[in-house]
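These are my notebook entries on a structure that I went through region by region. I set down what I looked up in the order in which I came to it.

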Amino acid sequence: MQKNSYEVTIQAPIQSGFGPRTTAQEALGGEKLSGKVAIVTGGYSGLGLETARVLAEAGATVIVPARTPEKAQASVSHLPGVELESLDLLAPASIDAFAERFLASNRPLHILVDSAGIMASPLARDYRGYEAQFATNHLGHFQLAARLWPALVKAEGARVVSVSSRGHAISGMDFKDPLFETRHYEKWTAYGQSKTANALFAVELDKRGQSYGVRAFSVHPGSIVTDLSRNLSDDEMLAMGALDEQGQRVFSEYNDEFKTISEGAATIVWCAANKQLEGKGGVYCENVDIAQAVPADNPRGPGVKPWATNPEFAEQLWHLSEELTGIKFPV
């Protein structure tokens with residue numbers, strides 16, 4: 001198929017009618033997903049599990065890849081139409097093997113949700129020497145989408161949802177030293193860079209995929225207490241307002257940012273399946289709507305910073321990702 005001129009979706013709310021208290025079930029908008037196939041990385045816990053549950057109960061076949069499927073079995077065994085698979089996002093051979101098994105089934109892939117990730121972890125590197133947050137949160141998903149590309153095209157209308165974060169505001173991409181080879185490693189800076197990468201990936205994937213029927217979105221789900229916070233101390237959780245008097249990791253109140261798991265998964269599900277986004281893509285979404293673009297010096301809060309939606313940065317990251325993974329998208 002020849003590439004057509006790309007139609008840019010404006011980075012501004014569409015007044016979806018939903019909001020911060022919308023649940024994942026509600027965000028689906030009554031869509032029936034029978035005959036659809038979805039892959040949800042991280043789909044055995046937290047936001048990924050809730051996303052997988054809602055998609056499966058709407059009729060989709062949902063593949064949930066996990067590093068140790070046996071451990072994930074208990075989480076998803078009660079869900080209809082869910083298949084467990086093996087995948088390690090830090091291991092390129094594991095990604096390739098998973099994709100090969102899926103492609104061998106000759107099924108189209110209608111929804112790919114990149115939900116798995118790590119946050120604010122101590123410095124670690126994969127066997128290639130790549131910093132682990134960037135490798136897990138971005139590079140692993142980049143390779144996965146590249147390998148699954150034939151199935152996404154086969155769907156004749158697919159969506160890729162890249163779970164980013166308001167953490168993108170902490171740091172843009174450092175293209176001179178993305179892997180912290182010379183600069184000092186700081187866990188939140190590394191996390192922020194990886195979340196910016198998640199957003200930029202959606203920008204460029206949507207641009208390249210539109211003429212093939214593949215649209216991409218990035219999502220800030222909100223702040224939710226899940227296993228993602230396992231690397232944070234109680235003091236850090238207390239500073240975030242996520243530790244009660246008994247030392248339990250919970251929010252004392254919920255607002256536009258602090259959410260339940262069901263509310264946190266809502267924007268993910270909305271981007272994955274709601275008809276309100278038909279013909280749109282390449283945008284960063286939050287609170288079940290397209291987010292507002294905000295200036296670089298805007299105080300941290302709602303909205304997306306310019307470095308996370310810049311098309312030149314997105315293309316630069318794409319080429320860097322191809323170089324680091326040794327994989328080129330066939331598009």
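**Entry 1: Pro69**

I began with the contacts of Pro69 and found that this residue touches Leu84, Glu85 and Ser86, leaving aside residues up to four places away in sequence. I note at the outset that the model is a predicted one. I then looked up the C-alpha atoms of Pro69 and Glu85, which are separated by 6.2 Å, although the two residues are 16 residues apart along the chain. Pro69 belongs to helix H3, which covers residues 69-76. Is Pro69 buried or exposed? Its relative accessibility is 16%, so I enter Pro69 as buried, the cut-off being under 20%.

**Entry 2: nonpolar cores**

I next asked which residues of the largest nonpolar core touch the most other members. The core has 38 residues, and the ones I was looking for are Leu55, Val62, Val113, Trp270 and Cys271. Helix H10 (residues 266-273) gives the most to this core, with seven residues. A second core, separate from this one, has 33 residues, among them Leu87, Phe98, Ala99 and Phe102.

I followed two of these leads. For Val62, not counting residues up to four places away in sequence, I list contacts with Ala38, Val40, Ala52, Leu55, Ala56, Gly81, Val82 and Glu83. For H10, I checked how much of the helix is covered and found that eight of its eight residues are buried. I record them as Ala266, Thr267, Ile268, Val269, Trp270, Cys271, Ala272 and Ala273.

**Entry 3: packing of H7 and H11**

How do H7 and H11 lie with respect to each other? The angle between helix H7 (residues 187-209) and H11 is about 90 degrees, and their axes are 8 Å apart. The two helices are therefore roughly perpendicular. Sorting the contact of H7 with H11 by class, I have ten nonpolar, one polar and three charged residues. From H7 the participants are Ala197, Leu200, Phe201, Val203, Glu204, Leu205 and Arg208. From H11 they are Pro311, Phe313, Ala314, Glu315, Leu317, Trp318 and His319.

**Entry 4: Thr325**

I stayed with H11, whose residues are 311-325, and turned to Thr325. What does the side chain of Thr325 reach? I find the backbone oxygen of Ser321 at 2.7 Å and the backbone nitrogen of Ile327 at 3.2 Å. With residues up to four places away in sequence set aside, Thr325 touches Arg128, Leu139 and Phe142. I class Thr325 as buried because its relative accessibility is 15%.

**Entry 5: positive phi angles**

I closed with backbone angles. Most residues other than glycine have a negative phi. I therefore looked up two residues that depart from this pattern.

Asn106 has a positive phi, near 60 degrees, and is not a glycine. I located Asn106 in the loop between helix H4 (92-104) and strand S4 (111-114). The relative accessible area of Asn106 is 55%, so I enter this residue as exposed.

Glu156, likewise not a glycine, has a positive phi of about 55 degrees. I located Glu156 in the loop between helix H6 (149-154) and strand S5 (158-163). Glu156 counts as exposed because its relative accessibility is 73%, the cut-off being over 50%.

Note on methods
Residues numbered from 1 in each chain as written. Predicted model: local features only at pLDDT ≥ 70, side-chain atom pairs only at ≥ 80, totals over all residues. Heavy atoms only, no water. Helix = DSSP H or I, 4+ residues; strand = E, 2+ residues; numbered from the N terminus. Buried < 20%, exposed > 50% of the residue type's maximum accessible area, 1.4 Å probe, protein only. Polar contact = N/O pair within 3.5 Å; in protein donor to acceptor, adjacent residues only side chain to side chain. Contact = heavy atoms within 4.5 Å. Axes fitted to C-alpha atoms, helices over the stretch in contact; angles between N-to-C directions. Parallel < 35°, antiparallel > 145°, perpendicular 65-115°, else oblique. Nonpolar A, V, L, I, M, F, W, Y, C, P; charged D, E, K, R; others polar. Core = buried A, V, L, I, M, F, W, Y, C linked by side-chain atoms within 4.5 Å.
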